[in-house]
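Morning, everyone. I'll put the structure up and then walk through it.

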Amino acid sequence: MARIDPEFRRLLENYNLDDLEAHSGPIYGVWKNFILAYLNPGWYRFSQENGGEPMISAEWDLGRSILDCMPGEMKLFYKSKLNDCLNSHRAWDYEFECSSDIFYRRYHQIVHPLGNREGLLIINSLVIERYHTLEDRPVRAADRSLYTDKNGMINQCAYCRRVKSIQEVECWDWVPEWVKQCPKNTTHTFCSTCFGFYFPKSMTISSSNGQAQGNRPG
Ligand SMILES: [Zn+2]
């Protein structure tokens, strides 16, 4: 399976491809339309370690859009930030959580603009990995009657992987069994804490370019 579009190599001329290949975390390159054009070996390791993870799937390949796998709200913000990065020609970085049922994991992501607004290189590095603690995340049993909403769906946060309880307003619980393998009727969204953290009000959403237009919240 090809992992790099030959045309995309030109955009990586300022990078050492061997270093990108040897990086322990997932690195991927996309064209300006967010279509995958490069995947490093770390991408596949990450996918394996995060089975069922909603954002990354081993089924993805060159030619797929990285936005395809994201829930609506996430797609909107992420697309906006990537467009800002492309158009401003400034790198953008942030940290995100990608925990498993056993480990708390935090990654740093840096997005580099490539060429003349032609593509992006997205580099992810593991910064924290430790066991979850009970103080941090009290474990709840996978009881569908407590988490299935009136539409028959279980709502899981795309970042922290907690699920929304139907018993209380805005209560999100840690159900490790569903982090390991989410039920078929799971839908991915953001809990209020993650939404506030990752998308603070101070974060602007650009609509100054064609690709972000028409997608503003509301
Ligand atoms: Zn969350």
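First, a term: buried means under 20% relative accessible area, exposed means over 50%, and partly exposed is in between, using a 1.4 Å probe and protein chains only. Start with R117. At 45% relative accessibility, R117 counts as partly exposed. R117 sits in the loop between β4 and β5 (119-131). Its phi is near 55°, a positive value in a residue other than glycine.

Some ground rules. This is a predicted model, where local features need pLDDT of at least 70, side-chain atom pairs count only at pLDDT 80 or more, and totals for chains, interfaces and linings use all residues. Residues are numbered from 1 along each chain as its sequence is written, and side-chain values use heavy atoms, with hydrogens and water left out.

Now the overall picture. The protein has 6 helices and 9 strands. Helices (H or I, at least four residues) and strands (E, at least two) are DSSP runs, numbered from the N terminus. Of the 218 residues, 46% count as buried. Next, contacts. A contact means heavy atoms within 4.5 Å. Take the contacts with a separation of 6 or more: residues 24 or more positions apart account for 56% of them.

Back to loops. F34 also has a positive phi, near 70°, and F34 is not a glycine. F34 is found in the loop between β1 and β2. Is F34 buried or exposed? F34 is buried, with a relative accessible area of 2%.

On to helix α2, residues 41-49. Which residues of α2 are buried? They are G42, W43, F46 and S47. These four cover an arc of only 140° around the axis, which puts them on the same side of α2. That arc is taken from the directions from the helix axis to the C-beta atoms. What covers them? The cover over the buried residues of α2 includes β1 (27-31), β2 (36-39) and β4 (103-114).

P41 belongs to α2 as well. P41 counts as partly exposed, at 26% relative accessibility. Leaving out residues up to four places away in sequence, P41 touches R3 and E21. P41 and H23 are 18 residues apart in sequence, and their C-alpha atoms are 8.2 Å apart in space.

Next, D5 and L62. D5 lies in the segment before α1 (17-22). D5 counts as partly exposed, at 23% relative accessibility. What does D5 touch, not counting residues up to four places away in sequence? The answer is W31, A37 and L62. D5 and G29 are 24 residues apart in sequence and 9.5 Å apart in space, C-alpha to C-alpha.

L62 is in the loop between α2 and α3 (72-88). At 23% relative accessibility, L62 counts as partly exposed. L62 and Y38 are 24 residues apart along the chain, with 6.8 Å between their C-alpha atoms.

One residue from α3 itself: K81. K81 is a lysine that counts as buried, at 13% relative accessibility. K81 and W92 are 11 residues apart in sequence and 7.8 Å apart in space, C-alpha to C-alpha.

Last stop, the largest pocket. The search runs on a 1 Å grid over the protein atoms alone: a cavity is a set of points where a 1.4 Å probe fits but cannot get out, while a pocket is an open set with protein on both sides within 12 Å along at least five of seven lines, and lining residues have an atom within 4 Å of a point. The largest pocket has a volume of about 160 Å³. Grid points are joined across faces, edges and corners, and the volume is the space filled by probe spheres set on the points.

Where does the largest pocket lie? Domain 1 (6-131) and domain 2 (144-195) both give residues to the lining, so the largest pocket lies between them. Those bounds come from an automatic or database domain assignment.

Here is the lining: E97, Y104, R106, R137, C160, R162, C191, T193, C194, F197 and Y198. β4 and α6 (192-198) each supply at least two of these residues. α6 gives the most, with 4 residues. By class, the lining has 6 nonpolar, 1 polar and 4 charged residues. Ala, Val, Leu, Ile, Met, Phe, Trp, Tyr, Cys and Pro count as nonpolar, Asp, Glu, Lys and Arg as charged, and the others, Gly among them, as polar.
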